[in-house]
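Reader: I should like to learn how features of a structural model are read. Please begin with the model itself.

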Amino acid sequence: MKNPILTVYGIPNCDTVKKARAWLTGQALAHQFHDFKKQGVPAELLRNWLAQVGAPVLLNRKGTTWRQLDEATRTAVVDDSTTIALMLAQPSVIKRPVVVWPNGQISVGFDETSFGAHAAP
């Protein structure tokens, strides 16, 4: 049986995404990259991502995109459905990178220790 490949989701010019991809390459871990800007956000995966890590982890409330949203839009984000709608409309509010590991677990952001734990056999 072929091992599933890990997938890195994000935006190519994001510094954190660059660091994560460089780390994976440095560890000789094959991966594919899904560009939110060119390929869109995989709507069918968002619900699973939210179930695994929760909106407080996945929704980047500290980023420029969030801060530029009007107050009504920010206060309307109250549950998974409204969070998903915002993420589909504004992919840059998703904390990056989102990595789907071969075992189906996800991680959000980049941390060498966490990546090392996920990558361990």
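Reader: Is F110 buried or exposed, or does it fall in between?

Author: F110 counts as partly exposed, because its relative accessibility is 24%; buried means under 20% relative accessible area, exposed over 50%, and partly exposed in between (1.4 Å probe, protein chains only). This is a predicted model, in which local features need pLDDT of at least 70 and side-chain atom pairs count only at pLDDT 80 or more, while totals for chains, interfaces and linings use all residues. Residues are numbered from 1 along each chain as its sequence is written, and side-chain values use heavy atoms, with hydrogens and water left out.

Reader: How is a pair of aromatic rings described?

Author: By the distance of the centres and the angle of the planes. Rings of Phe, Tyr and Trp (its six-membered ring) pair if their centres lie within 6.5 Å; planes under 30 degrees apart count as stacked, over 60 as edge-to-face and the rest as tilted. The structure holds five aromatic pairs. One of them joins W23 and F115 edge-to-face, at 5.6 Å centre to centre and 85 degrees between the planes. This pair links distant parts of the chain, with W23 in helix α1 (residues 15-26) and F115 in helix α8, 92 residues apart; helices are DSSP runs (H or I, at least four residues), as are strands (E, at least two), numbered from the N terminus. Both W23 and F115 are buried. F110 and F115 also form an edge-to-face pair, 4.8 Å centre to centre with 85 degrees between the planes.

Reader: Which residues do ring pairs link into a cluster?

Author: The cluster consists of W23, W101, F110 and F115.

Reader: Why can the buried residues of a helix share a side?

Author: An α-helix has 3.6 residues a turn, so residues three or four places apart point the same way. In α7 (residues 80-89), T83, I84, L86 and M87 are buried. They lie on the same side of α7 because they cover an arc of only 165 degrees around the axis, the arc being that of the directions from the helix axis to the C-beta atoms.

Reader: Against which elements do the buried residues of α7 pack?

Author: They pack against α3 (43-53), α4 (55-58), α5 (64-68) and α6 (71-75), where contact means heavy atoms within 4.5 Å. T83, at 3% relative accessibility, counts as buried. Leaving aside residues up to four places away in sequence, T83 touches L50, A55 and V77.

Reader: Which residues of α3 are buried?

Author: L46, W49 and L50 are buried in α3. Their arc of only 100 degrees around the axis puts them on the same side of α3. The face turned away from that buried side carries the exposed residues E44 and A51.
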